[in-house]
Amino acid sequence: MRTRSIITNEGSGARINVTPMIDVVMVLIVFYLLVGQLAIDRKASILLPSSHTGIDESYEVDPVIVGITAEGLVSINGVSIELNRFAGEIEGMHTRAPQTPIRVRADRSAPYGAVRPIMHTLREAGIPRVELMTEQRP
Amino acid sequence: MNTAFHDHSAHSKRPRPLNQRNVLTRSSRFGPNMTPMVDVTLVILIFFMASASIAGHEWFLRADLPETQDPNLQESGYSLPTPMLNADLFMRDGQVFVRGIGDEPRLIETIIEQIHSMEDSVAEGLILGIRARDDVPYWAVVSLQDAAASAGMRIAIR
């Protein structure tokens, strides 16, 4: 009975069978990519409110995601930012790409007092409308 | 002796039993081995399916940001010639109330039912201007927007 070995001596000479290693490496890469993305979301720890209605559209340009946690911490595209720097950052983004949609991902339990300054800043920056992210209610 | 030798030779040339055949012997394979790729693809597929079911589906509600600070929102800053309802959300005894829709403040659940019961011809094209106090939870604002959007209203955040 032949035994399996990672080093075979068939053919022209001994060689290492790299197929299992490629399998494992690929699975690990995919795993870390997904877990990393989930970790970023978890770090933001935003639980979206749910809604019966909603729009599911995708655009050619990536929208700017404004995150607001339950504690009132603000982030732009996953990067935390102080509230006093938020206005300048969002105005710069809007000036560079006025057509880029703005999506607000605010925690369902956040007090509206944490959301209002963001809305006010967006309005002051000349942004006419926002997209409020929700979770589809089953 | 010859007969015995002949018999042994004949036995060695006999085909192997079916249960001893290996259909995937190296000699019978041609081209790349697809098995690991199929394995990895299946694992990735299952992982994506599982993560998608855990994460839930996200979508969005669209809301206008009218420029005016006028409480009536009827002035030049918001130039849409559309009738407007103004809803003011506030907390009382740990519950969310809405002022502005109807004669007196009512629980948000009552207002949502009232919006759902509106006829499409009435609700369609209306703008619901929403204002909320600092202590009102964000989910309440979104719930009102959700009801208004399902009735065909347009939403303006004030």
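This is a short tour of where chain B meets chain A in a predicted model.

**Stop 1: the whole contact.** Start by selecting the residues on both sides. You'll pick up 36 residues from chain B and 45 residues from chain A. Together the two chains bury about 4000 Å², and carbon and sulfur atoms give 59% of that area. Now highlight B:Trp59, B:Phe60 and B:Tyr138: this trio supplies 25% of the area that chain B buries against chain A, more than any other three residues.

**Stop 2: the polar links.** Which residue of chain B forms a salt bridge with A:Arg105? Select B:Glu58 and zoom in: the closest N and O atoms of this pair are 2.7 Å apart. That pair is one of 5 salt bridges across the interface. If you show polar contacts too, there are 21 residue pairs to look for, with both residues at pLDDT 80 or more.

**Stop 3: chain B's side.** Next, color α2 (35–55), β1 (58–64), α5 (138–150) and β6 (154–157) of chain B, since you can find at least two residues touching chain A in each. Linger on α5(B), which gives the most to this side, with 8 residues. Color by class instead, and chain B's side shows 22 nonpolar, 4 polar and 10 charged residues.

**Stop 4: strands from two chains.** Finally, select β8 of chain A, residues 129–136, along with β1(B). These two strands run antiparallel and are joined by 7 bridges. To see one partnership for yourself, pick A:Met133 and look across to B:Phe60, its bridge partner in β1(B). You've already met B:Phe60 in the trio at the first stop.

How values were computed:
Residues numbered from 1 in each chain as written. Chains lettered and ligands numbered in written order. Predicted model: local features only at pLDDT ≥ 70, side-chain atom pairs only at ≥ 80, totals over all residues. Heavy atoms only, no water. Contact = heavy atoms within 4.5 Å. Buried area = accessible area lost by both parts, 1.4 Å probe. Salt bridge = Lys/Arg side-chain N within 4 Å of Asp/Glu carboxyl O. Polar contact = N/O pair within 3.5 Å; in protein donor to acceptor, adjacent residues only side chain to side chain. Helix = DSSP H or I, 4+ residues; strand = E, 2+ residues; numbered from the N terminus. Nonpolar A, V, L, I, M, F, W, Y, C, P; charged D, E, K, R; others polar. Pairing = 2+ DSSP bridges.
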